[in-house]
Amino acid sequence: MSTTQAAQLNLTPSALAKVREFIAAEQMPADTVGLRIGVLPGGCSGFKYEMSIDEAPAGDDIVLDIEGVRVFVDPFSVQHITGVKIDYVSTMQSAGFAFENPNATGGCGCGTSFSV
């Protein structure tokens, strides 16, 4: 497991609060649990984001500490999420995480996939 700040990622206060809420609901060991952020091939623009709460990092994960929230990123995904800002947005029509990726060269209308 690698611990580094090489991958710069920004979670807004709203996103951090929602992640903490999800982590608490999972009832996993507090000393190992974290948010997994990944990028997978797919979506209408080429890549899509993936988020989950994981009990512990994988052996080759990069582990970030963002204001006390552990974030796990696999080596493939790190190149695509560096510089990304993640917010949690709630409107009358929907609620969810929103990604602002300065590395993206395109995206889809729904905001869940991107191209580089």
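**Strands, core and two buried residues in a predicted model**

In strand E6, Arg36 finds its bridge partner in Phe72. This pairing belongs to a predicted model, and it offers a convenient point of entry into the fold. Arg36 is part of strand E3, which spans residues 34-42, whereas E6 covers residues 69-73. The two strands, E3 and E6, run parallel to each other and are joined by two bridges. E3 also pairs with E4, here in the antiparallel sense and over nine bridges. One position in that ladder is Gly34, which stands opposite Asp54 of E4.

The wider setting may now be described. The protein chain contains two helices and ten strands. Read from the N terminus, its elements follow the order β-β-α-β-β-β-β-α-β-β-β-β. The chain has 116 residues, of which 37% count as buried. Its exposed surface amounts to about 6300 Å², and carbon and sulfur atoms supply 53% of that area. Among contacts between residues at least 6 apart in sequence, 56% join residues at least 24 apart.

A further group of strands forms an open sheet of three, in the order E2-E7-E8 and with mixed pairing. E2 and E8, the latter comprising residues 95-100, are the edge strands, each pairing on one side only. From one strand to the next, the twist averages 20°. Within this sheet, E2 and E7 are parallel and share three bridges; Leu9 stands opposite Val84 in E7. Helix H1 lies across E2, E7 and E8, and runs at about 75° to E7.

Attention now turns to the interior. In soluble globular proteins, nonpolar side chains tend to be buried together. The largest nonpolar core in this model has 25 residues, and those with the most contacts inside it are Leu9, Leu11, Ile37, Ile66, Val71, Ile81 and Ile86. At least two residues of this core come from each of E2, H1, E3, E4, E5, E6, H2 and E7. H1 gives the most, with four residues. Ile37 illustrates how separate parts of the chain meet: leaving aside residues up to four places away in sequence, Ile37 touches Leu9, Glu50, Met51, Val71, Phe72, Val73, Asp74, Ser77, Ile81 and Ile86.

One of these neighbours, Ser77, deserves a closer look. Ser77 lies in helix H2, which spans residues 75-81. Its relative accessibility is 0%, and Ser77 therefore counts as buried. Beyond residues up to four places away in sequence, Ser77 touches Ile37, Gly38 and Val39. A polar atom of the Ser77 side chain lies 2.8 Å from the backbone nitrogen of Val39.

What, finally, is found in the loop between H1 and E3? Val33 has its place there. Because its relative accessible area is 6%, below the 20% limit, Val33 is buried. Apart from residues up to four places away in sequence, Val33 touches Ile23, Met28, Ile53, Asp54, Glu55, Arg70 and Phe72. Of these, Asp54 is 21 residues from Val33 in sequence, yet the two C-alpha atoms are 5.8 Å apart in space. Asp54 and Phe72 also lead back to the strand pairings described at the outset: Asp54 stands opposite Gly34, and Phe72 is the bridge partner of Arg36.

Terms used: Residues numbered from 1 in each chain as written. Predicted model: local features only at pLDDT ≥ 70, side-chain atom pairs only at ≥ 80, totals over all residues. Heavy atoms only, no water. Buried < 20%, exposed > 50% of the residue type's maximum accessible area, 1.4 Å probe, protein only. Polar contact = N/O pair within 3.5 Å; in protein donor to acceptor, adjacent residues only side chain to side chain. Contact = heavy atoms within 4.5 Å. Core = buried A, V, L, I, M, F, W, Y, C linked by side-chain atoms within 4.5 Å. Areas by Shrake-Rupley, 256 points an atom, 1.4 Å probe, with all protein chains shown as cover. Pairing = 2+ DSSP bridges. Axes fitted to C-alpha atoms, helices over the stretch in contact; angles between N-to-C directions.
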